[in-house]
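Here are my notes on this model, arranged as numbered points. Please read them with the structure open.

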Amino acid sequence: MTVVETMSSRAAAADPAAPLVEVRGIGVRFGGIVALDGVSFTIAERQMLGLIGPNGAGKTTLFNCFSRLYTPVAGDILFEGASILDKPAHRIVEIGIGRTFQNLALFRTMTVLDNVRAGSHHLGASGFFGDAVRLPTVGRQERALTEAAWELIDYLDLGDVAFRRVADLPFGVQKRVELARALAARPRLLLLDEPAGGLNHGEVDELGALIRRIRDERRLTVLLVEHHMNLVMSICDKVVALDFGRKIADGTPAEVQRDPRRDRGLSGDRGMSACLLEATGICAYYGPTQVLFGLDLRLAEGGITTMLGANGAGKTTMLRALSGMVRTTGEIRFRGEPVLGQATEDIVRRGVAHVPEGRGTFTRQTVEENLQIGAMSRRDRKAIPGDIERVYGYFPRLKERRGQQAGTLSGGEQQMLAIGRALMLRPRLMLLDEPSFGLAPMIVAEMFEILRTLNRSEKVSMLLVEQNAALALDLADHAYLIETGRLVMSGPSAEIRGDESIRRSYLGY
């Protein structure tokens, strides 16, 4: 019996009147954070359901409940009428639930064929003794599983790369490999976590057609988490929208789009204006060490966004990823154009200025020479003297010290110089890493008021990493909260600032 015939017979045996999946009042907490709060919905046999919502709404948390990586504090998840919450994580695939991950979880040094074969490891029944003595049944099982893996490799057009290491393949191809591995488990329910993350528009269209074909031809039920709204609305039969861990809409794509609460669930940004920069599925590495795990970020044109979290959470790494300074996978678009993989100097020329932690001034150069260095990538040389005077208008103390070496300035003055040098680029976006670090409170207040003025008068968008959470939330319009390289919450700064549990658990004030 082929893989397709096996799944077909299992699907036909199900009760068509009962939903395949029932999510009943699921609640999940992380310390003081309510990640999911009474979420309920059903999925019918062979239905494709899209789970949508802003970053931090609880979508991947729910997936991790299905995979038994998290245990809810309330509610239940039924699959074919039976609870899955009494099953350990390694048994979930055996009952017919397979998944892909927002952050690719492939064996990077193994070939495509071996990765796909790994997805069917639970289907072998030889046991330790049979494997040790190489019983004839072991060989027959291995051949059958290898044949099934080749069938999936051909099905997903991976034959040309079957014997190549996964690490050597383009990101879009790796996505298909992970999908093949999930299908190798012969699931009845397929969980797809951000499958379009990091793909370009053409690849997203191809992905939509592929998912629809897989669902129809392999008679699967699909639960899809995705930020790409065109993809969700074009292929899903049903949509559930989450926001701050609660269900806010449930119905067909047309019904959810008409829902008056749709702006919070569909936009993914809770009311932000036009997008200047969008990053999806960002993973970042220092050598073999992974620091960021599938972060999504959206910056509004003309807005101020802050990224908060403890030391070591990955905030500085995220700024470096946006600037092309660290090995990064995923997708980054600035003003609609892809920039991931471009050299840092090319990203700077596009209008992204990075003010690093520690200021990064040229200590042996004068104040004015530092400002001139900030304009090196510009071609309008005649306008540079006027822009230097404009910087002096915001920072009069720099004008008083224009001939002084930067290394002899106070900490506050060096921070002013670092921001002034970034302004000389005439940036559309300024990345600011800990601008208050080491400064006296009076200087910090002055600095942040200048940033506010720059945002309003110069229309410079800003992404601010700052340990002073209260000050950052007061300045910013929107906030992201990350922990150990993963996004745990996002939303308007006023909402996060007003949530007492978030402040106590994460922000320290």
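Two strands count as paired if DSSP finds at least two bridges between them. The model discussed here is a predicted one.

1. The sheet. Four strands make up an open sheet, ordered β12-β11-β14-β15, with antiparallel pairing. β12 (289–300) and β15 are the edge strands; each has a single partner strand, so one side of each is left without a neighbour in the sheet.

2. Pairing of β11 with β14. Strand β11 (residues 275–286) runs antiparallel to β14, and seven bridges join the two. To check the register, take Glu278: its bridge partner in β14 is Arg333.

3. Pairing of β14 with β15. Strand β15 (residues 337–338) is also antiparallel to β14, and two bridges join them. Arg333 has Pro338 as its bridge partner in β15, and Phe334 stands opposite Glu337 of that strand. The β14 and β15 hairpin has two residues between the strands, and within this hairpin Arg335 takes a positive phi near 55°.

4. Cover on β14. Is this strand mostly covered or mostly open? It is mostly covered, with six of its eight residues buried. As a reminder when inspecting any of these strands, side chains in a regular strand alternate between the two faces of the sheet.

5. The helix across the sheet. Helix α11 lies across β11, β12 and β14, and runs at about 115° to β11. Six of the eight residues of α11 are buried, so the helix is largely enclosed by the rest of the structure. The buried residues are Lys315, Thr317, Met318, Leu319, Ala321 and Leu322. The presence of Lys315 in that list can be checked in the viewer. Just after α11, Gly324 takes a positive phi of about 75°.

6. Val326. This residue is in the loop between α11 (315–322) and β14 (327–334). Its relative accessibility is 11%, so Val326 counts as buried, the cut-off being under 20%. What does Val326 contact, leaving aside its neighbours within four places in sequence? The contacts are Ala284, Tyr285, Tyr286, Thr317, Arg320 and Ala321. Of these, Ala284 is 42 residues from Val326 in sequence, yet their C-alpha atoms are 6.7 Å apart in space.

7. Val355. A second buried valine is found in strand β16 (residues 352–355). Val355 counts as buried because its relative accessible area is 2%. Leaving aside neighbours within four places in sequence, Val355 is in contact with Gln415, Ala418, Ile419, Ala422, Met430, Leu431, Leu432 and Asp433. The C-alpha atoms of Val355 and Pro435 are separated by 8.1 Å, although these residues are 80 apart along the chain.

8. Salt bridges, Asp37 and Arg246. The whole structure contains 32 salt bridges. One of them joins the side chains of Asp37 and Arg246, at 3.1 Å from N to O. Asp37 is in strand β2 (residues 33–43) and Arg246 in strand β10 (residues 246–251), so this pair ties together parts that are 209 residues apart in sequence. Asp37 is partly exposed at 34% relative accessibility, and Arg246 is partly exposed at 45%.

9. Salt bridges, Arg188 and Glu45. In this pair the closest N and O atoms are 2.5 Å apart. The two residues link distant parts of the chain, 143 residues apart: Arg188 is in the loop between α6 (171–184) and β7 (189–193), and Glu45 is in the loop between β2 and β3 (48–52). Which of the two terms, buried or partly exposed, applies to Arg188? Arg188 counts as buried, at 5% relative accessibility, whereas Glu45 is partly exposed at 22%.

10. Salt bridges, Arg402 and Glu368. These residues form a salt bridge whose closest N and O atoms are 2.8 Å apart. Arg402 is in the loop between α15 (396–400) and α16 (411–423), while Glu368 is in helix α13 (residues 367–374), and the two are 34 residues apart. Arg402 is partly exposed, with a relative accessible area of 29%.

11. A salt-bridge network. Arg378, Asp380, Asp387, Arg390, Arg426 and Glu458 belong to one network, joined by salt bridges that share partners.

Conventions:
Residues numbered from 1 in each chain as written. Predicted model: local features only at pLDDT ≥ 70, side-chain atom pairs only at ≥ 80, totals over all residues. Heavy atoms only, no water. Buried < 20%, exposed > 50% of the residue type's maximum accessible area, 1.4 Å probe, protein only. Contact = heavy atoms within 4.5 Å. Salt bridge = Lys/Arg side-chain N within 4 Å of Asp/Glu carboxyl O. Axes fitted to C-alpha atoms, helices over the stretch in contact; angles between N-to-C directions.
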